[in-house]
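Reader: I should be grateful for a close look at a single part of this model, followed by an account of how the rest of the chain is arranged.

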Amino acid sequence: MSFLLKCAVSCATLAALPAPAADDAGLLAALVNGYRAAPTACQGRTPAPVPPLAPTPALSQVELRPYSILLAALGEQGYEAEVADAIQVSGPTDARAAFEALQEKHCSIMLSTQYAAIGTSRHGNAWTVVLAQPTPNPQLTLPPWPDAGQQILAATNALRAQPQDCGGVRLGPAPPLVWSDRLAEAALHHSEDMAERRYFSHTGKNGSLPGDRAHDAGYSWHRIGENISLGQVSAEDAVAGWLSSPGHCANLMNPGFTEMGAAYAIRGGRRPAAYWTQDLGTR
């Protein structure tokens, strides 16, 4: 997702400002966290305290220009954000005055629980607060792929136990699937190939299709199907994504499938991402 920069004043005033004053900017971050710990009234209500935000240098160093896309600007600093926001004010001569001006108009953003990190900067009398939630790193959060595959099996069977709406088509319950090591091998091979070669398709770079890969893994199939996804940070999220897609949902709920295997592989580099494959079949 991309979020356009929110400004309390005209973004055009940022083009030719003096160098930042780091100490005052750091005080502004402390004031924001103090407000989160003991919030006063915000938009007619008295909110509950919320956790502090972690000061993050990359958020303080981002350069925001007219019509900046904030997530892209953060990416240039090496910070991959799932969601981010920026609030600004121009005119105050000290951190407390800047905080009070920002609080008046942007208290709900300051108190939002969707953010975990903060960065603040000052250029002359222009003050910026950037709040962000980092994108989870699948290398740190995912279990080994066999465990994730079993989680996909459990989530799929939980769905198959109940009727599901697949793009406006009501599909009834289906018998539970059983795990297939050979389908899991096919799924792992395809996930690894997509991650290594950085593509996303049911057709492999060598022209292989799901049935070909299942056959190569030693699975003699009568019926075969495949779901793939990119970027989810848990097995449950991957299955939820397939459920929301009519074609993938139909695969999940197809009573003609009796077995499945699933795996993920992670694309390395600056922006790691998980490639998920679920192969479903009947011998």
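Leaving aside its neighbours within four places in sequence, which residues is Lys205 in contact with? Please begin with the loop that holds this residue, and then place that loop in its wider setting.

Author: The model is a predicted one. Beyond four places in sequence, the contacts of Lys205 are with Asp193, Arg197 and Tyr199. Lys205 belongs to the loop that runs between helix H7 (181–197) and helix H8, the latter spanning residues 210–216. Lys205 counts as exposed because its relative accessibility is 52%, and the cut-off for that class is over 50%. A distance gives a further point of reference: the C-alpha atom of Lys205 is 23 Å from that of Trp242, a residue 37 positions away along the chain.

Two further residues of this loop deserve attention. Ser201 also lies between H7 and H8, but it counts as partly exposed, because its relative accessibility is 25% and the buried class requires a value under 20%. Apart from neighbours within four places, Ser201 is in contact with His190, Met194 and Ile228. Ile228 falls within strand S8 (223–230), and Leu230 offers a distance to that strand: Ser201 and Leu230 are separated by 29 residues in sequence and by 10 Å between their C-alpha atoms.

Arg198 has its place in the same stretch, the loop between H7 and H8. Its backbone is notable for a phi near 55°, which is positive although the residue is not glycine. Arg198 is exposed, since its relative accessible area is 51%, a value over the 50% limit.

Another positive phi occurs elsewhere in the chain. Gln43, again a residue other than glycine, has a phi near 50°. Gln43 sits in the loop that connects helix H1 (22–37) with strand S1 (54–55). With a relative accessibility of 60%, Gln43 is counted as exposed.

The buried positions provide the contrast. Ala262, in strand S9 (residues 259–267), has a relative accessible area of 0% and is therefore buried. Outside its sequence neighbours within four places, Ala262 is in contact with Trp145, Gly149, Ile152, Trp179, Ala184, Ala187, Thr277 and Gln278. Ala184 and Ala187 belong to H7 by their numbers, as that helix covers 181–197. Trp145, Gly149 and Ile152 fall in helix H6 (145–160), while Thr277 and Gln278 fall in strand S10 (273–282). Gln278 is 16 residues from Ala262 along the chain, yet their C-alpha atoms are separated by 4.2 Å.

Helix H6 and strand S10 appear again around helix H10. Within H10 (residues 246–253), the buried residues are His248, Cys249, Asn251, Leu252 and Met253. Their cover includes H6, strand S5 (164–166), strand S6 (169–171), S8, helix H9 (235–243) and S10. Strand S8, which contains the Ile228 contacted by Ser201, is thus among the elements that cover the buried residues of H10.

Strand S10 also takes part in the largest pocket, whose volume is about 600 Å³. Its lining consists of 23 residues, and those closest to the centre are Glu80, Ala81, Glu82, Thr135 and Pro272. Helix H3 (70–76), strand S2 (81–90) and S10 each contribute at least two residues to this lining. The largest share, three residues, is supplied by H3. By residue type, the lining comprises 13 nonpolar, five polar and five charged residues.

Helix H3 also includes Leu70. Leu70 is buried, because its relative accessible area is 2%. Leu70 and Val130 lie 60 residues apart in sequence, with a C-alpha to C-alpha distance of 9.1 Å.

The chain as a whole contains ten helices and ten strands. Of its 283 residues, 47% count as buried. Among contacts with a separation of 6 or more, 71% are between residues 24 or more positions apart. The radius of gyration is 24 Å, whereas a compact globule of 283 residues would have a value near 19 Å. Along the principal axes, the C-alpha atoms fill a box of roughly 75 × 40 × 30 Å. The chain exposes an area of about 13,600 Å², of which carbon and sulfur atoms supply 54%.

How values were computed
Residues numbered from 1 in each chain as written. Predicted model: local features only at pLDDT ≥ 70, side-chain atom pairs only at ≥ 80, totals over all residues. Heavy atoms only, no water. Buried < 20%, exposed > 50% of the residue type's maximum accessible area, 1.4 Å probe, protein only. Helix = DSSP H or I, 4+ residues; strand = E, 2+ residues; numbered from the N terminus. Contact = heavy atoms within 4.5 Å. 1 Å grid on protein atoms, 1.4 Å probe; cavity = no way out; pocket = protein on both sides within 12 Å on 5 of 7 lines; lining within 4 Å. Points joined across faces, edges and corners; volume = space filled by probe spheres on them. Nonpolar A, V, L, I, M, F, W, Y, C, P; charged D, E, K, R; others polar. Rg over C-alpha atoms; globule rule 2.2 N^0.38 Å. Areas by Shrake-Rupley, 256 points an atom, 1.4 Å probe, with all protein chains shown as cover.
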